[in-house]
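Please open the structure in your viewer and keep the selection tool at hand, as this tour moves from one selection to the next.

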Amino acid sequence: MAGDAVQASAAAEGAPSPWLAGALALGALAVFARFVAARALDVPFPDDVLDVLGFLLGFEDAASPGARLHALLAQYNDHRTTAARVVYLLARAVEGGIDFRTLTFVANAAIPLLALGCALALPRGWRMYAFALGCLLCCHPRGTGFLFWPMSGLAFNGVILWGLASLLLLARPGAACFALAAAGATAAMLSLASGQFAWIAGLGLLAVAWRRGEAGAGRRLAAWAVLSCVAVLLFHAGFANPNPFSRVIAFALATPLHHAHYVLVLLGSAPAFGSVAAATALGAAALLGLAALTPGELRRGRPVLVCFAWYLVLSVVALALGRAPYSQVDYALDARYGVFSMSVALVLALLAVQRLGRRRRQAALALLALAPLYCAANYAVWSAPTDEALARRVAVYNDGVYPVFGHPSAKTNAIVAEAIRRGIYSPPPRPLRVHGDGAR
């Protein structure tokens, strides 16, 4: 017991005041919650029509439990979005219908939960600091309109959060944590297709434990390998992939520099403030920094954040393989994809501070002083574009249409009309007003 206390004290050495960190975290969360609450719209945005309202209609029309399970697992574009669909069903059950503002809050709640998950991967004395830094680096309007796109937010934030949860649980002993870790990896895989890498990240974490000679690690590694194969095979059963692996690899081999540039921009996009050049440089720095930090973290037996970071990198590579052949590199700055970059930046900051030894207190305090400035800069830069994007959505809604790219308006309007008729969705009265233009 005394040895544990000494280790805990040593681990906490140099940590900034938890009261200061807690106050900064609370302030960041309060401002972010107010920002989202003031702008959340009870209006479906493209994929919300199909994967929220369309799914619920199909689920309620299903004549048997098997048909309902099929609807829950059904493919959507390149993915299976089952994890988000469970949220839609819960929201429908609790509120009696779908309110897209509620789904918006749930999707954005994943951001501080990500900060909390990263904090839990650190020694106890550093957790409040890590949570505060995560809130300041991630809870701001960098996501612009993406923050108010429930289906997309639940998918992209979900694949990150569930992947981290799986690794945190897998690092703990016991059969229950192992089973919950498998459930987390499954939820990541059923948020976005890139969530399949959660199984690979888990293999990496358990391989480290096995190499370190931890008790039972070999059995856990073998069991996880079997579960991984079964889960991925089931995911692809009946899956009509519109971008077969052979095709995306052929594209990558044809334009390797474009694909590599795309990956770097995706990795560095969040703190680049819309600059492709800055994102490229920051992405390269992130990749080099992660490669430099990884061996030391593994030697010290702290694999969770390192495995999580490489999970994010693999997700970014998969994203680039799917998007780079059809777009210029500036498309990698899209707000949806910045969630991976924000997470990588947070993990690297935490890993770097932990590696500084006696200087880590000064580095931690410096980061904690700069993080509010960075957060404020994001509000200054991205608040107006967010309001402009939402104003365009409101204008379309006031015209009485629900457009979805690639689908005729007659079809999408009919889905919404049927959802309204059944009481699944009750649209706000028109004309709807935008934030700052009177009460809605």
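The stops below cover aromatic rings, a charge over a ring, and a pair of helices.

The model is predicted, so local features need pLDDT of at least 70 and side-chain atom pairs count only at pLDDT 80 or more, while totals for chains, interfaces and linings use all residues. Residues are numbered from 1 along each chain as its sequence is written, and side-chain values use heavy atoms, with hydrogens and water left out.

Begin with Phe55 and Phe59, which are four residues apart in helix α3 (residues 47-61) and therefore separated by about one helical turn; helices here are DSSP runs of H or I with at least four residues, numbered from the N terminus. Both Phe55 and Phe59 are buried, meaning under 20% relative accessible area with a 1.4 Å probe, protein chains only.

Next, add Tyr88 in helix α5 (residues 82-95), whose pairing with Phe55 ties together parts that are 33 residues apart in sequence. Rings of Phe, Tyr and Trp (its six-membered ring) pair if their centres lie within 6.5 Å.

Now select Arg393, whose charged end sits over the ring of Phe45, 3.7 Å from its centre; for Arg this requires CZ within 6 Å of the ring centre and within 35 degrees of the ring normal.

Finally, show helix α16 (residues 338-354) with helix α17 (residues 360-398), whose axes, lines fitted to C-alpha atoms over the stretch in contact, come within 8 Å and cross at roughly 150 degrees. That makes α16 roughly antiparallel to α17, a term for angles over 145 degrees on a scale from 0 to 180 between N-to-C directions.

Methods: Helices (H or I, at least four residues) and strands (E, at least two) are DSSP runs, numbered from the N terminus. Angles under 35 degrees count as roughly parallel, over 145 as roughly antiparallel, 65 to 115 as roughly perpendicular and the rest as oblique. Buried means under 20% relative accessible area, exposed over 50%, partly exposed in between (1.4 Å probe, protein chains only).
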